[in-house]
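Please open the structure in your viewer and keep the sequence beside it, since this tour moves from one selection to the next and says what can be found at each stop.

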Amino acid sequence: MKQPKNIVYYIYLIFAVLAFSPTLMLAQSNSIIDKIWTGVGGKNKWESTKYLMFTVSGNSKYPSISGSRKFLLDKQTGNVRFEGTLNNENVVALLNVQNQKLNHVFDENGAEVSLQEYKEVLPDLIGQYNIDLKVLSLPISIMASNISSQSSNKIINAEKLQKLDFSNFLGNSGSFYVSEESGLVKRLDLDNKSYLVNGYKDVGNGLILPTTFKGSGDSITYQKVASFTEMEPEKFKEF
């Protein structure tokens, strides 16, 4: 009579483990997200940032945009100021990424030029902006990339990291590695490439973001990054 009871007991244990596992994995996932937020200074630091300015080189995805480029973003309105090279011309372009509208374009001397000349490259400009912003804010944007609830531990450069998989960052699947101690994302595997993520800096108001992404064949560098809570409105209206 003891054997049937043992079988029932073990079946009960199996179902208990299966029922508990999703809860455990969700708890692990939430713990990792909490660590990442701690690593960047806290969720409130990102949410209280109204304006973000950065200059970046590398990772240019469109032939119409060349060289280093500078963006200034109003997070609330979607207004963006671009300074760089479009169609081989040095320009300042003022646009809105929410309504995808090009408002003004000025040449390097401050003279306003016809919008018609640049409307065809507006999708390229918005696309490059989105890529540059998501890479800069990697620790934050990666949390919206459908992270797997399962993780594994890796030792890289004598540092214990948690490896997690994602299914949709910049339209691709891949993996990223988070320091268990600091909560900083230290490596990104994407599109058959590996990038070491470093150069973390306080860019203003306690917000900490990475500024260098070094791969075996290419690299992405953010030379200047700053966050603000106030900004002159003329930056999005005038040269």
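The tour goes from the sheet to a helix that packs on it and then to a single serine, and the model shown is a predicted one.

Begin by selecting the strands, twelve of which form an open sheet with antiparallel pairing, and follow them across in the order β5-β4-β3-β2-β1-β14-β13-β10-β9-β8-β7-β6. The edge strands are β5, residues 101-107, and β6, residues 147-156, and each of these pairs on one side only. As you step from one strand to the next, the twist averages 20 degrees.

Next, select β4, residues 89-96, together with β5; the two run antiparallel and are joined by six bridges. Within this pair, L95 stands opposite L102, which belongs to β5.

Now add helix α3, residues 122-136, which packs on the sheet and touches several strands, including β1, β2, β3 (79-86), β7 (159-169) and β14 (219-228). If you compare directions, that of α3 makes about 75 degrees with that of β2.

Finally, select S64, found in the loop that lies between β1 (51-57) and β2 (65-74). Is S64 buried or exposed? Its relative accessible area is 9%, which is under the 20% cut-off, so S64 counts as buried. Show the neighbours of S64 as well: leaving aside residues up to four places away in sequence, S64 touches T85, L86, N87, V121 and D124. With D124 there is also a polar contact, made between the two side chains at 2.8 Å.

Conventions:
Residues numbered from 1 in each chain as written. Predicted model: local features only at pLDDT ≥ 70, side-chain atom pairs only at ≥ 80, totals over all residues. Heavy atoms only, no water. Helix = DSSP H or I, 4+ residues; strand = E, 2+ residues; numbered from the N terminus. Buried < 20%, exposed > 50% of the residue type's maximum accessible area, 1.4 Å probe, protein only. Polar contact = N/O pair within 3.5 Å; in protein donor to acceptor, adjacent residues only side chain to side chain. Contact = heavy atoms within 4.5 Å. Pairing = 2+ DSSP bridges. Axes fitted to C-alpha atoms, helices over the stretch in contact; angles between N-to-C directions.
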